[in-house]
Amino acid sequence: AGRLAGMRVRYVEVEALEGGMTRVGMRGLRGGWRYVPSSLHFPALTRQLDYSAGQHVSLRLFFAPPSPSLFSAFRLFESHPFSISNAPPSTGVLSSSSSSDSNRGIDLFIRSCGRGTWTGDLFAKAQLGGRVAADRNRDGGKRVLHMLAVVEGPYEGLGYEEMGQENVLLVAGGSGMSFVLGVLDECVGQRIKSGRGGKIEVVWAIRARCESLLLPRLCIRRT
C-alpha cells in the first residue's frame with residue numbers, strides 16, 4: 001500500500017539526444033508526492049511534499065523496442081531507478097528544458113548502455129519516435145515521443161544538514177552529473193532565496209561527448 005501511495009501513472013516526454021543520451025520529461029509533476037522511505041512502506045507514515053535534491057524515482061515505461069529480441073519481451077515488466085536532475089520550481093534556479101517555469105516538472109537523463117539493454121532499447125525507440133514526430137511537424141518542433149509511464153517515489157535524498165553547509169563540494173563522473181544537478185539546483189536556489197553566502201564547488205569528469213550535453217543546465221535561469 002505504501003508503494004501505491006507514491007505511484008503516478010502518466011504520459012511522459014521521451015527525447016533522444018546526441019551520443020546515446022535520452023531525456024525523460026515529466027512536465028507539471030512536482031507537488032503532491034507522498035514520500036515513502038525505502039525501508040518503510042506504511043501509508044500512515046508517509047507525508048505530502050515536493051521532491052527534493054538527491055532523490056530518485058523508479059521508472060517503468062511501456063514501449064516496444066524497434067528491434068525486438070527474446071529479452072525485449074520483458075521490457076514492460078522492468079522498472080529502473082533514476083536521479084531527479086532538477087529541484088522543484090519553488091526552489092530551482094538552474095536552466096531547464098521546459099519552456100514554462102510553472103510547468104517545469106521533473107527531468108531524468110538516461111545514458112544508453114548499448115544494444116540489447118533496457119536503456120539501449122529506450123534510446124533506439126526515442127530516436128525512431130523522434131524522427132516520426134519531426135516528419136509530422138516540419139515547422140521546427142521538438143523530436144519528442146510521448147510514452148505511458150509508471151513513476152514511483154520519490155525515494156531517499158539529502159537532508160537539510162548536508163544542504164545547509166557553508167562550503168559544499170560536489171563530485172560527479174559522467175552521466176552521474178544528473179544526480180549532482182538536482183543537488184546543485186537546490187543548494188543554489190536555497191542560498192539565493194535566503195540570502196546566505198558560502199562556496200559551492202563542482203568537479204565533473206567526463207569521458208563521452210554526450211555527457212557534456214548537461215553543461216548548459218549549469219547556467220542560472222533566474223534569481
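**Entry 1: aromatic rings**

I began by searching the whole structure for aromatic pairs, and the search came back with 2. Everything I note here is read from a predicted model. The pair I opened was Phe63 with Trp118, and I logged this pair as edge-to-face, with 6.2 Å centre to centre and 70 degrees between the planes. I then looked up where these two rings sit: Phe63 is in the loop between strand 5 and strand 6 (80–83), while Trp118 belongs to helix 2. They are 55 residues apart, so I wrote the pair down as a link between distant parts of the chain.

Are these two rings buried or exposed? Phe63 has 6% relative accessibility, so I count Phe63 as buried. Trp118 is buried too, at 4% relative accessibility.

Next I turned to Phe82, which forms a stacked pair with Trp118: 5.9 Å centre to centre and 25 degrees between the planes. Phe82 lies in strand 6 and Trp118 in helix 2, so this pair ties together parts that are 36 residues apart in sequence. For Phe82 I noted a relative accessible area of 13%, which is under the 20% cut-off, so Phe82 is buried. I closed the entry by grouping Phe63, Phe82 and Trp118 as one aromatic cluster.

**Entry 2: stepping back to the whole chain**

I wanted the overall layout before going further. I find 4 helices and 10 strands in the protein chain. Reading from the N terminus, I get the order α-β-β-β-β-β-β-β-α-β-α-β-α-β.

The chain has 223 residues, and 44% of them are buried. The exposed area comes to about 11400 Å², with carbon and sulfur atoms supplying 55% of it. I also checked how contacts spread along the sequence: of those between residues at least 6 apart, 72% join residues at least 24 apart.

**Entry 3: nonpolar cores**

Which residues touch the most other members of the largest nonpolar core? My answer is Met26, Leu59, Leu61 and Leu108, in a core of 22 residues. I listed the elements that each supply at least two residues of this core: strand 1 (7–16), strand 2, strand 5 (56–61), strand 7, helix 2 (118–136) and strand 8 (144–155). Strand 8 gives the most, with 4 residues.

I jotted down a reminder that in soluble globular proteins, nonpolar side chains tend to be buried together.

I then picked out Leu61 and looked up what it touches, leaving aside residues up to four places away in sequence. The list reads Val12, Arg75, Trp118, Leu122, Met147, Leu148 and Ala149. I was pleased to meet Trp118 again here, the residue I had already placed in the aromatic cluster with Phe63 and Phe82.

There is also a second, separate core of 16 residues; among its members I noted Met21, Ala172, Val188 and Leu214.

**Entry 4: strand 2 and strand 7**

I followed Met26 to its bridge partner, which is Ile106 in strand 7. Strands 2 and 7 run antiparallel and are joined by 6 bridges. How many of the 6 residues of strand 7 (residues 106–111) are buried? I find 5, so strand 7 is largely enclosed by the rest of the structure.

Just off strand 2 I stopped at Arg27, in the loop between strand 2 and strand 3 (33–35). Arg27 is partly exposed, with a relative accessible area of 30%. Its C-alpha atom is separated by 4.3 Å from that of Gly105, although the two residues are 78 residues apart along the chain.

**Entry 5: a buried arginine**

Arg23 caught my eye next, in strand 2 (residues 21–26). Its relative accessible area is 3%, well within the buried class, since the cut-off is 20%. What does the side chain of Arg23 make polar contacts with? I noted the side chain of Glu13, at 3.0 Å. The side chain of Asp107 is also joined to that of Arg23 by a polar contact, again listed at 3.0 Å.

**Entry 6: a cis peptide bond**

My last look-up was in strand 8, where Pro154 has its place. The peptide bond from Gly153 to Pro154 is cis, and I noted an omega near 0 degrees. Strand 8 thus appears twice in these pages, here with Pro154 and earlier as the element that gives the most to the largest nonpolar core.

How values were computed. Residues are numbered from 1 along each chain as its sequence is written. This is a predicted model: local features need pLDDT of at least 70, side-chain atom pairs count only at pLDDT 80 or more; totals for chains, interfaces and linings use all residues. Side-chain values use heavy atoms; hydrogens and water are left out. Buried means under 20% relative accessible area, exposed over 50%, partly exposed in between (1.4 Å probe, protein chains only). A polar contact is a pair of N or O atoms within 3.5 Å; within protein, one must be able to donate a hydrogen and the other to accept it, and residues adjacent in sequence count only if both atoms are side-chain atoms. Contact means heavy atoms within 4.5 Å. Accessible areas come from the Shrake-Rupley method with a 1.4 Å probe; for residues, only the protein chains shown count as cover. Two strands pair if DSSP finds at least two bridges between them. A nonpolar core is a set of buried Ala, Val, Leu, Ile, Met, Phe, Trp, Tyr and Cys residues joined through side-chain atoms within 4.5 Å. Rings of Phe, Tyr and Trp (its six-membered ring) pair if their centres lie within 6.5 Å; planes under 30 degrees apart count as stacked, over 60 as edge-to-face and the rest as tilted.
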